[in-house]
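Reader: Please take a close look at one part of this model, the surroundings of the ligand, and then set that part against the rest of the chain.

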Amino acid sequence: MTQRAISVSGLSLSAPIPAGVPAGMPAGIPFDRLVLPPAFLRRTVPNARPLRQIRPLQPLPALLEEIRACHACAEVLPLGPRPVLQASATSRLLIVGQAPGAKVHASGIPWDDASGERLRAWLGIDSATFYDASRVALVPMGFCYPGRGGGGDNPPRPECAPLWHEKLIGQLTNVRLTLLVGQYAQRYFLGNRRKASLTETVAAWREYAPDFVPLPHPSPRNQPWLKRHPWFGHDVLPALQERVGALLASTKPRARDAQSARKDSTMTKPAIDIQRVYEPLPEGGHHCFLVDRLWPRGLSKEKLANVEWLKEVAPSTALRQWFHKDPEQWTEFRKRYLDELNANPDGWQPLAEAAAAGHVTLLYGSHDTQRNHAIVLREYLEKKLQHK
Ligand code: SF4
């Protein structure tokens with residue numbers, strides 16, 4: 001056995017490493033830099049002992065703020081950065097998914113879609129419990145919507161987990177169970193303890209207890225998998241529900257739901273939605289702003305009677321016409337529009353004030369829902385609000 005230094009939640013440890021331990025290490029993290037929940041470490045490396053504090057831990061709220069401001073792969077994110085996650089130092093259950101889909105990106109609430117509904121049903125917990133960050137941490141492998149490819153959503157951005165997971169998960173020292181939802185989380189956390197396929201890894205779930213439970217993705221697209229593997233419903237889910245129930249029952253609940261989760265400080269963004277002005281407008285509680293310079297063709301003033309028109313916040317006519325001619329210049333358009341916003345605080349200030357006070361929806365007319373100025377504007381406002 002060799003003695004090696006490892007970092008656990010900011011502590012440097014020295015421990016004799018039993019044969020085979022590296023096999024359980026998350027792929028891609030050098031063992032010397034590994035951060036693991038202490039309970040996992042105690043079982044895996046029984047004689048681990050603290051040596052010295054190597055650096056003060058960054059407080060979790062500050063770390064979450066830093067994540068919210070991350071633009072590391074902004075250039076390749078079709079809707080721009082919008083990290084979506086929740087976490088608290090007291091979270092006991094950690095759910096590691098893949099990456100937000102377009103709907104979650106729009107709402108800013110993790111698992112706020114059909115997959116989330118099914119996942120909550122699998123776990124036997126309601127929304128109030130699920131969105132209680134003091135009990136449940138929701139940390140995907142990629143924090144921002146990665147866009148779509150030929151076969152559905154793209155994989156989580158590869159930059160994200162190496163950049164943030166070690167720091168973030170190392171702070172979740174009360175986590176007792178980690179659910180690995182989908183192949184990306186399983187590859188990262190189980191390394192070569194994974195089996196040859198996701199099905200085999202899930203079927204071997206008992207091998208990973210008590211720290212991990214590997215799960216398939218609860219997406220409706222996986223319905224055929226669930227039909228082909230009825231043992232998952234018969235064997236895995238009852239055991240999982242029992243474990244999760246016991247784990248969360250021992251913590252004090254905080255009455256919350258998805259709606260109140262929007263305002264939680266551990267959520268990652270203020271509530272600013274964007275949508276095409278031609279879609280049905282949101283009901284009740286939303287302050288709607290039209291952020292185009294031109295009035296949308298075919299819509300009457302009566303139809304948008306409750307909408308405030310802020311044309312001065314839109315891109316200049318010259319910039320709009322330039323981008324209209326060549327939408328492939330998206331990156332350059334973003335840059336130029338951000339410059340215009342910086343030079344025009346009077347244009348966006350009313351939006352920032354409204355978003356600080358409540359739920360805001362930005363309306364735009366463009367057919368292109370992946371590349372338009374409202375996306376850039378929301379990103380800009382969110383940054384401004386976070387630094388208030
Ligand atoms: S996906 Fe991750 S690395 Fe990329 S911008 Fe979002 S938070 Fe940053």
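Author: By class, the shell around the ligand is made up of eleven nonpolar, two polar and two charged residues. That shell counts 15 residues, and the closest to the ligand include C70, A72 and C73, along with C144 and C160. The model is a predicted one.

Helix α2 spans residues 60-68, and its buried residues are L64, I67 and R68. Seen down the axis of α2, these buried residues fall within an arc of 100°, so they line one face of the helix. The general background is that an α-helix has 3.6 residues a turn, so residues three or four places apart point the same way.

Next, the interior. The largest nonpolar core has 78 residues, and V96, A137, V139, L180, V291 and L362 are those with the most contacts inside it. Helix α15, residues 373-386, gives the most to this core, with six residues. Domain 2 (60-261) and domain 3 (272-386) each supply at least three residues to this core. V139 can be followed further: leaving aside neighbours within four places in sequence, V139 is in contact with L85, A87, L94, V96, L168 and I169. V96 is thus named twice, as a contact of V139 and among the residues with the most contacts inside the core.

As for the whole chain, 36% of its 388 residues count as buried. Its secondary structure comes to 15 helices and 13 strands. Among contacts between residues at least 6 apart in sequence, 75% join residues at least 24 apart.

Conventions:
Residues numbered from 1 in each chain as written. Predicted model: local features only at pLDDT ≥ 70, side-chain atom pairs only at ≥ 80, totals over all residues. Near = placed C-beta within 6 Å. Nonpolar A, V, L, I, M, F, W, Y, C, P; charged D, E, K, R; others polar. Core = buried A, V, L, I, M, F, W, Y, C linked by C-beta atoms within 7 Å. Buried ≥ 20, exposed ≤ 12 C-beta atoms within 10 Å, placed from the backbone. Helix = DSSP H or I, 4+ residues; strand = E, 2+ residues; numbered from the N terminus. Domains from an automatic or database assignment. Contact = placed C-beta atoms within 7 Å. Arc of directions from axis to C-beta.
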